Amino acid sequence: MIVLGIETATSVCSVGLVDGDRSIVRTIREDRVHSEKLLTLVDEVLREGRVVLSELDAVAVSSGPGSFTGLRIGVSAAKGLVAAIGKPLVAVSTLAAGAIAARAAGRIQAGAWLAMDARQGEWYAALCDAQGVLGPVAIMADADLQLQCAGREVLTDRPASFRGAAVVSDLLDHLKGHVVAMLGRDRLQRGEHEDVTTFEPMYLKAFEVRTSPARVR
Amino acid sequence: MTVLGIETSCDETSAAIVEDGVVRSNVVAAQVDHARFGGVVPELASRAHLRLIVPVVEEAASRAGTTLRALDGVAAVSGPGLIGSLLVGLSFGKALAFALGKPFVGVNHMEAHVLSNLLEEQKPSYPFVNLTVSGGHTQLILVRAPFDYEVLGETIDDAAGEAFDKVAKMLGLEYPGGPAVDRRAREGDPAAVRFPRSSFDPDGYQFSFSGLKTSVLYYLRDARNERDQMPARFVNDVCASFQAAVVDVLLKKFFRAAEIFGVHDVAIAGGVSANSSLRSRAAAEAERRGLRLFIPRMEYCTDNGAMVAMTGYLRLRDGARSSFELSAEPNLSISRP
């Protein structure tokens with residue numbers, strides 16, 4: 001099975017491919033380049049893997065939580081790709097993919113917290129259980145999460161924010177397109193995929209109502 | 001040559017197919033949720049685009065009796081507009097073209113409005129003067145030749161449609177304000193209140209509507225008694241008088257530009273061209289001056305995929321190609337080479 005994976009939920013823009021035992025990944029870590037670079041990375045990964053799009057069995061996309069803009073770019077592009085090739089779209093939790101990549105790299109163990117900045121003093125947070133499986137993602141206030149993380153292991157996109165933790169690792173080092181592709185392949189093999197017509201990323205937060213400055217002054 | 005056009009610059013998710021310059025389909029999914037906020041909510045609009053993009057594009061292909069694989073090219077708006085909204089249509093359109101192995105071209109939303117005049121059987125001849133008036137834009141353009149635009153003037157504050165929305169809000173009318181004000185203005189007296197015609201840039205083509213909006217606000221504050229005594233007639237008269245002031249300002253510069261640049265054809269595009277007074281007065285004045293006036297049908301005036309597909313078709317036929325690294329630009333200008 002050949003699956004392409006797209007990861008744009010944060011300042012990391014990464015595209016990967018899994019094909020049997022082999023995997024390929026291309027990653028750029030820079031703000032606001034995702035819209036420009038995403039298809040270039042897709043092209044590079046496909047060329048290096050000597051794979052053409054029609055050979056893909058699915059496109060997997062990191063579905064959040066994360067930056068609304070980043071998620072929109074990744075999901076819009078993933079929808080465009082599958083609309084063209086007629087293959088399934090598979091969504092993968094961004095934090096679950098980060099946790100698996102970090103565990104494989106020996107960076108976190110069971111009982112670690114994953115935390116992604118949700119702005120306004122809040123975090124998207126989830127806990128790895130004793131088997132190392134990531135639990136449900138919740139929105140937590142900073143003070144509450146800091147208490148939970150004291151003396152624990154934390155994988156976060158804001159390492160400087162967790163001074164009380166025992167070990168802090170950078171989540172962004174572990175967000176990779178090929179891990180998204182791998183987890184997507186797992187879901188596909190279980191017969192799971194998304195309805196491309198209705199699929200939306202995991203925003204977690206309701207939108208904030210502010211009228212457009214272009215319309216109301 | 002069959003081209004798909006995708007428009008997601010504001011709150012309409014739209015896709016259309018143009019085949020050799022002829023519209024085969026034009027699907028528009030208007031996002032109705034914004035009315036309860038009295039304006040477009042960018043995050044809400046972006047999320048709706050992402051939900052609607054696949055069904056709207058597939059419907060456009062199916063109504064045109066074609067498939068995505070049969071396309072010869074894909075066009076999507078890259079600006080100007082709301083960044084989050086633009087990114088959905090642009091990212092989708094680029095990925096679709098990339099995966100189909102077909103050329104892609106990014107389209108300027110303002111150019112698409114101008115070229116909406118080419119969607120009808122009767123088309124203006126070059127050179128022509130075009131006025132694009134909508135909720136987000138007020139732009140007077142000299143179209144010298146294909147793809148050769150000179151922006152003569154723009155609004156320095158509110159767009160014309162925006163002024164309608166705000167006055168409607170002051171009067172407690174529905175959103176969007178354009179149709180609401182127009183409907184009441186038909187029953188009112190346009191000479192009831194003499195609102196100021198902006199003397200801003202008297203010899204040029206810049207527009208300003210914020211002063212007019214403020215004078216409506218002051219008038220409503222000072223005329224509270226009349227308002228209480230005759231609410232319906234009062235509202236109708238304010239609507240008619242305000243609308244007359246907007247139309248006066250728009251048409252004065254529009255027809256002066258036509259005279260100075262010596263064009264025979266003039267065109268109006270954008271959602272505000274639905275305004276009944278703007279239409280009838282522009283038609284009368286054009287006839288008096290011996291000019292041909294073009295206003296596309298309503299579905300091509302409001303934001304739509306057909307104008308994007310047409311612009312994409314013309315650009316692609318002309319050899320234009322955009323890189324797959326093209327990104328969205330909220331302030332993209334039409335006159336950039």
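**Close-ups of a predicted two-chain model**

**View 1. Arg29 and Asp170 pair up inside chain A.** A:Arg29 makes a salt bridge with A:Asp170, and their closest N and O atoms sit 2.7 Å apart. Keep in mind that this is a predicted model. Look across the interface of domain 1 and domain 2 of chain A and the rule turns up one salt bridge. Polar contacts add to the picture, with ten residue pairs across that interface of domain 1 and domain 2 of chain A.

**View 2. How chain A splits into two domains.** Domain 1 of chain A takes in 2–94 + 174–189, while domain 2 covers 95–172. Their C-alpha centres are 23 Å apart. Where the two meet, 17 residues of domain 1 of chain A are in contact with 16 residues of domain 2 of chain A.

**View 3. Who does the burying between the domains of chain A.** Put domain 1 and domain 2 of chain A together and about 1,400 Å² gets buried, with carbon and sulfur atoms giving 67% of that. On the domain 1 side, A:Arg29, A:Pro65 and A:His174 account for 46% of the area buried against domain 2 of chain A, more than any other three residues. So A:Arg29 shows up in this trio as well as in the salt bridge with A:Asp170.

**View 4. The domain 1 face, by helix and by residue class.** Ten residue pairs are in polar contact between domain 1 and domain 2 of chain A. On the domain 1 side of that contact in chain A, helix α5 (residues 177–189) gives the most, with four residues. Sorted by class, this side of domain 1 of chain A has nine nonpolar, seven polar and one charged residues.

**View 5. Chain A meets chain B.** This contact draws 41 residues from chain A and 42 residues from chain B. The area buried between chain A and chain B comes to about 3,500 Å², and carbon and sulfur atoms give 61% of it.

**View 6. Arg72 of chain A reaches Glu43 of chain B.** The side chains of A:Arg72 and B:Glu43 form a salt bridge at 2.9 Å, N to O. The rule finds three salt bridges across the interface of chain A and chain B. Eight residue pairs are in polar contact between chain A and chain B.

**View 7. The helices on the chain A side.** Both α1 (34–49) and α2 (68–85) of chain A supply at least two residues each to the side that touches chain B. The top contributor to that side of chain A is α2(A), with 13 residues. Split by class, the side of chain A that touches chain B has 21 nonpolar, nine polar and eleven charged residues.

Key:
Residues numbered from 1 in each chain as written. Chains lettered and ligands numbered in written order. Predicted model: local features only at pLDDT ≥ 70, side-chain atom pairs only at ≥ 80, totals over all residues. Heavy atoms only, no water. Domains from an automatic or database assignment. Contact = heavy atoms within 4.5 Å. Buried area = accessible area lost by both parts, 1.4 Å probe. Salt bridge = Lys/Arg side-chain N within 4 Å of Asp/Glu carboxyl O. Polar contact = N/O pair within 3.5 Å; in protein donor to acceptor, adjacent residues only side chain to side chain. Nonpolar A, V, L, I, M, F, W, Y, C, P; charged D, E, K, R; others polar.
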